[in-house]
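Visitor: Please take a close look at one part of this model, the pairing of its charged side chains. I should then like to see how that part relates to the rest of the chain.

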Amino acid sequence: MTPSRFGDGRRRRIGLLGGSFNPAHAGHRHVALKAMRALGLNQVWLMVSPGNPLKPRAGMAPLKDRLASARRIADGRRVIATDIEKALGTRFTADTLAKLRRRFPRAVFVFLIGADNLVQLPRWKSWRRIATSTPLAVLPRPGWTRQALHGAAASVLRRQRCRPGALLAGAKQATKTARWCFVSAREHAASATAIRAAALHPRQTER
């Protein structure tokens, strides 16, 4: 079931895992399910970006192909692949979150990011507004986790950090003091970059 861009009034706890999904892979599903269990979420939406402002267009597959790859790892019920950002006409996370809150007024959204994105968060448009208005859950990423938890964003937001079980305690749709947490999980080695490289340079079968 794909979320409607017009929204609805249901009460749900929804994790938002955004990205290029170029392509989607088992690592994305792994973190979606880990976050769902750790945070007590009803759903995780795999939000396939029309175009990440911080990523080059070169090598980026068409949106329809990236969405199709996300649908292959989703189940359509609890883990849902969507191109809702295209429907909303947004490319920046802060704008997407603002529109989603207006269209889904009774939902509580949690923004799910990998440790690499916590490192890069200060480069994002209105990143402090994102961090203070929407609960954040950070998941491990090979080679990034330690740096992220000792980086600039983690330092600025250190007073808002909490345990995963407390992230949504008493949470309403949005607050000015949203919390963030780190969800401990096994680091998954899958990489979209490696998958693309393997597709371009397949191993030759030995004769």
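Guide: In this predicted model, Lys125 and Asp95 form a salt bridge whose closest N and O atoms are 3.1 Å apart. Lys125 sits in the loop between α5 (115-120) and α6 (127-133), whereas Asp95 belongs to helix α4, so the pair ties together parts that are 30 residues apart in sequence. Lys125 has a relative accessibility of 38% and therefore counts as partly exposed. Asp95, with a relative accessible area of 26%, is also partly exposed.

Helix α5, which borders the loop of Lys125, supplies one partner of a further salt bridge. Here the side chains of Arg141 and Asp116 meet at 2.8 Å, N to O. Asp116 is in helix α5 and Arg141 in the loop between β5 (136-139) and α7 (145-149); the two are 25 residues apart, and the pair links distant parts of the chain. As for accessibility, Arg141 is partly exposed at 33%, but Asp116 is buried, its relative accessible area being 11%. The cut-off behind that distinction is 20%, below which a residue is called buried.

The salt bridges of the structure number five. Another of them joins Asp65 to Lys64, with 3.2 Å between the closest N and O atoms. Lys64 is exposed, at 61% relative accessibility, while Asp65 is partly exposed, at 36%. In addition, salt bridges link Asp8, Arg10 and Arg12 into a network.

Lys64 leads to helix α2, and a question follows: which residues of helix α2 are buried? Within α2 (residues 63-73), they are Leu63, Arg66, Leu67, Ser69, Ala70 and Ile73. These residues lie on the same side of α2, because the arc they cover around the axis is only 160°. A general property of the α-helix gives the background: with 3.6 residues a turn, residues three or four places apart point the same way. On the other side of α2, Lys64 and Arg72 are exposed. Lys64 of the salt bridge with Asp65 is thus found on the side of α2 opposite the buried residues. Against what do those buried residues pack? Their partners are α1 (26-39), β2, β3 (79-82) and α3 (84-88).

Strand β2, one of these packing partners, also carries an aromatic residue, Trp45. The structure holds four aromatic pairs. In one of them, Trp45 and Phe104 meet edge-to-face, with 5.4 Å from centre to centre and 70° between the planes. Trp45 is in strand β2 (residues 43-48) and Phe104 in the loop between α4 (93-103) and β4 (108-114), so this pair ties together parts that are 59 residues apart in sequence. Helix α4, which precedes that loop, is the helix that holds Asp95 of the salt bridge with Lys125.

Trp45 has a relative accessible area of 0% and is buried; Phe104, at 1%, counts as buried too. Phe104 also pairs with Phe109: the ring centres are 6.1 Å apart and the planes stand at 90°, so this pair is edge-to-face. Phe109 is buried, as is Phe104. Through these ring pairs, Trp45, Phe104 and Phe109 are linked into a cluster.

The cysteines call for a separate remark. What does a search of the whole structure for disulfides find? The result is zero. Cys162 and Cys181 are not bonded, because the sulfur of Cys162 is 5.5 Å from that of Cys181, the closest cysteine sulfur, which is too far for a bond. Both residues are out of the exposed class: Cys162 is buried at 15% relative accessibility, and Cys181 is buried at 0%.

The setting for these details is a protein with nine helices and seven strands. Of its 207 residues, 44% count as buried. The protein exposes about 11,300 Å², of which carbon and sulfur atoms supply 51%. Among contacts with a separation of 6 or more, 79% are between residues 24 or more positions apart. The salt bridges that join Lys125 to Asp95, 30 residues apart, and Arg141 to Asp116, 25 residues apart, can be read alongside that figure.

Methods. Residues are numbered from 1 along each chain as its sequence is written. This is a predicted model: local features need pLDDT of at least 70, side-chain atom pairs count only at pLDDT 80 or more; totals for chains, interfaces and linings use all residues. Side-chain values use heavy atoms; hydrogens and water are left out. Rings of Phe, Tyr and Trp (its six-membered ring) pair if their centres lie within 6.5 Å; planes under 30 degrees apart count as stacked, over 60 as edge-to-face and the rest as tilted. Helices (H or I, at least four residues) and strands (E, at least two) are DSSP runs, numbered from the N terminus. Buried means under 20% relative accessible area, exposed over 50%, partly exposed in between (1.4 Å probe, protein chains only). The arc is that of the directions from the helix axis to the C-beta atoms. Contact means heavy atoms within 4.5 Å. A salt bridge is a side-chain nitrogen of Lys or Arg within 4 Å of a carboxyl oxygen of Asp or Glu. Accessible areas come from the Shrake-Rupley method with a 1.4 Å probe; for residues, only the protein chains shown count as cover. A disulfide is a pair of cysteine sulfur atoms within 2.5 Å.
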